[in-house]
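Good morning, colleagues. Please have the sequence and the structure open while I go through the main points.

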Amino acid sequence: MKKILLGAFLTCSMLIATAQEKNAVIENIIKEANENSQLEVLGHQLMDVIGPRLVGTPQMRQAHDWAVDTYAKWGIPAENQQYGEWKAWERGITHIDMISPRVQSLAGTQLSWSPSTGPKGVTAEVINLPTVKDSLDFRNWLKNVKGKFVMVSEYQITGRPDYNWEEFATPESFEKMKKERDSLTKEFYANMRRTGYTARNIHEALESAGAAGIVSSYWSKGFGANKIFASRTKKIPTVDIQLEDYGMLYRLVESGQKPKLKIVAESKDLGVAPTFNTVAQIKGSEKPDEYVILSAHFDSWDGGTGATDNGTGTLVMMEAMRLLKKFYPNPKRTILVGHWGSEEQGLNGSRAFVEDHPEMMKNIQAVFNQDNGTGRVVNLSGAGYLHAYDYLTRWLAAAPKDITKHIKTDFPGSPSGGGSDNASFIAVGAPSFNLSALNWSYWNYTWHTNLDTYDKIVFDDVRSNAILTAILAYMASEDDVKTSNEKIILPVSERTGKQLEWPTHRSPERKGGLD
Ligand SMILES: [Zn+2]
């Protein structure tokens, strides 16, 4: 009886001792993150000073160099690892003015990789796509586009997002609007099919027919929010005009006012640029060949400044690395951070890293990726790894309750086949997990939009994520055992009736945007 009690006492006190020892690192991480946060300064430097980080632009290169310098200041060795090349392009001034029937400067910007108008710009009448009977009808109409700007996007009957209608409209009126909108959308695509083109390749047809430029509007279903993606033209400029102004122009064309635009859209074609991943690491002291990887893509689209996609994921990983270096400078395993290039064009940077480091992929303790906005982490999935429950819950338990109480876990979960860089690691069987964030209206308002800017960052949530990431990395590094990467047997797909297959590795685009 005595012996048993003594035994129990010893085990108990040992546990307490370990817990206290670990707590010192964790407590320091929390205190520093809260009292001496670098997030605001880093966010300002990255989003306001450097700006958006489109692959192949000088700003992307500048961001890579800035990250290496910042890590060097913290005493963390870092380097830019080249993995390929991309078309080199630099955005210049966009200025869009309606000059007839009256003067108004319009809210809009050129699409990424748009050809330049030169500093003087182009002044021309703007016209809408016609309603046509068939492709012959459309071909006949095409001769009208010479020297004109052509509006190619669907007209939106309301610039109010649905949540706003839901709050204020009568139910009947809301229903009526949705019905009308649906039928207009149907007709837009039916008419597009009748032209013989798609919403994608009609740009080329207009360009070949001599249009002065393309005017599009990709509404993101929020007030003032438009998505800004790649231009499809080779010689003439393509600009996106926000719903509010695009709708006005559209109505002016329809009522026979023959509106005229002056568009200045300057850009520089700079040839070819190397593409990089920025990689930094704190070398492991006991198991240097086993890796805990912090992961966030570094590139962005360039309609805004890439603040929540993926400036915030970047800040989380940088701040976590700073905290770890400061309070856990000799980790058991190597802690490596990857700031991947060109995620937006197909996970290119992380896929290249995975492909170029096959030995490392066999020794991954865990990968933590963040890439869906500024919110605090609310979901953590086992990603289809059978034993993820065991280690992830153990690591999570070390984080403060006020952080973990928001997190819903899902075990064993299922493997992600794309969407963000964690998928690149999952494809080669490395335990890789997404720190999935509360959305803060991400999909409508900031994801790939003109509104993805510094003011949308919720620093308290980002701080919470940096603390969480640092603690998870610390726990993963310290764990006595190497994590299991045994996969679950995937279920049968309800759609196809066949058993689902684990995603497989896809090679990255190593020479992109060049024709
Ligand atoms: Zn992203």
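I begin with a single residue pair in the sheet: Asp-97 has Lys-262 in strand 10 as its bridge partner. The model before you is a predicted one, and every value I quote is computed from it.

The pair belongs to a long register of contacts, since strand 1 and strand 10 are joined in the antiparallel sense over 19 bridges. Strand 10 also pairs with strand 4, residues 122-128, through four bridges, and these two strands run antiparallel. There, Glu-125 has Lys-260 in strand 10 as its bridge partner. A further antiparallel pairing, over five bridges, links strand 10 to strand 12. In that pairing, Val-279 is matched with Gly-338 of strand 12.

What packs against these strands? Strand 1, strand 10 and strand 12 are among the elements contacted by the buried residues of helix 10. The other elements in that list are strand 11, helix 11 (358-361) and helix 14 (422-426). Helix 10 spans residues 348-356 and is mostly covered, with seven of its nine residues buried. Those buried residues are Asn-348, Gly-349, Ser-350, Arg-351, Ala-352, Phe-353 and Val-354.

I turn now to the metal site. Which residues coordinate the zinc ion? The donors are NE2 of His-297, an OD atom of Asp-309, and two entries for OD of Asp-371, at 1.9 to 2.8 Å. The angles among the four donor atoms run from 50 to 147 degrees, and the site is classed as irregular. For four donors, the tetrahedral class would require all angles to lie between 85 and 135 degrees. For reference, the ideal angle for four tetrahedral donors is 109.5 degrees. Along the sequence, the donor residues follow the spacing H-x11-D-x61-D. His-297 and Asp-371 thereby link distant parts of the chain: His-297 is in strand 11 (residues 287-297), whereas Asp-371 is in the loop between strand 13 (364-369) and strand 14 (377-381), 74 residues apart. Are these two residues buried or exposed? Both His-297 and Asp-371 are buried.

Strand 14 leads to a second sheet. This one is open and has three strands in the order 15-14-17, with mixed pairing. Strand 15 and strand 17 (436-437) are at its edges with a single partner strand each, so one side of each has no neighbour in the sheet. Strand 14 and strand 15 run parallel and are joined by three bridges. Within this sheet, Ser-381 stands opposite Asp-410 of strand 15.

Helix 12, residues 388-396, has Ala-388, Tyr-391, Leu-392, Trp-395 and Leu-396 buried. Viewed down the axis of helix 12, these residues fall within an arc of 130 degrees, so they line one face of the helix. As general background, an α-helix has 3.6 residues a turn, so residues three or four places apart point the same way. The buried residues of helix 12 pack against strand 13, strand 14, helix 13 (401-404), strand 15 (408-410), strand 16 (432-434) and helix 16 (459-478).

My last topic is the charged pairs. How many salt bridges are found in the whole structure? The search returns 22. One of the salt bridges joins Arg-91 to Asp-302, with the closest N and O atoms 2.7 Å apart. Arg-91 lies in strand 1 (residues 78-100) and Asp-302 in the loop between strand 11 and helix 9 (307-327), so this pair ties together parts that are 211 residues apart in sequence. Arg-91 is partly exposed, at a relative accessible area of 23%, whereas Asp-302 counts as buried at 6%.

Another salt bridge connects the side chains of Arg-181 and Asp-162, at 3.0 Å from N to O. Arg-181 is in helix 6 (residues 171-195) and Asp-162 in helix 5 (residues 162-168), so the pair ties together parts that are 19 residues apart in sequence. Arg-181 counts as buried at 16% relative accessibility, and Asp-162 as partly exposed at 28%. Leaving aside residues up to four places away in sequence, Arg-181 touches Glu-154, Gln-156, Ile-157, Thr-158 and Asp-162.

Finally, Glu-319 forms a salt bridge with Arg-322, the closest N and O atoms being 2.9 Å apart. The two residues are three places apart in helix 9, so about one helical turn separates Glu-319 from Arg-322. Both Glu-319 and Arg-322 are buried. Through salt bridges that share partners, Glu-32, Glu-319, Arg-322 and Lys-326 form one network.

Thank you for your attention.

Methods:
Residues numbered from 1 in each chain as written. Predicted model: local features only at pLDDT ≥ 70, side-chain atom pairs only at ≥ 80, totals over all residues. Heavy atoms only, no water. Donors = N, O, S within 2.8 Å, 3.2 Å for Na, K, Ca; no water. Tetrahedral: all angles 85-135°; square planar, octahedral: opposite > 155°, others 65-115°. Buried < 20%, exposed > 50% of the residue type's maximum accessible area, 1.4 Å probe, protein only. Arc of directions from axis to C-beta. Contact = heavy atoms within 4.5 Å. Salt bridge = Lys/Arg side-chain N within 4 Å of Asp/Glu carboxyl O. Pairing = 2+ DSSP bridges.
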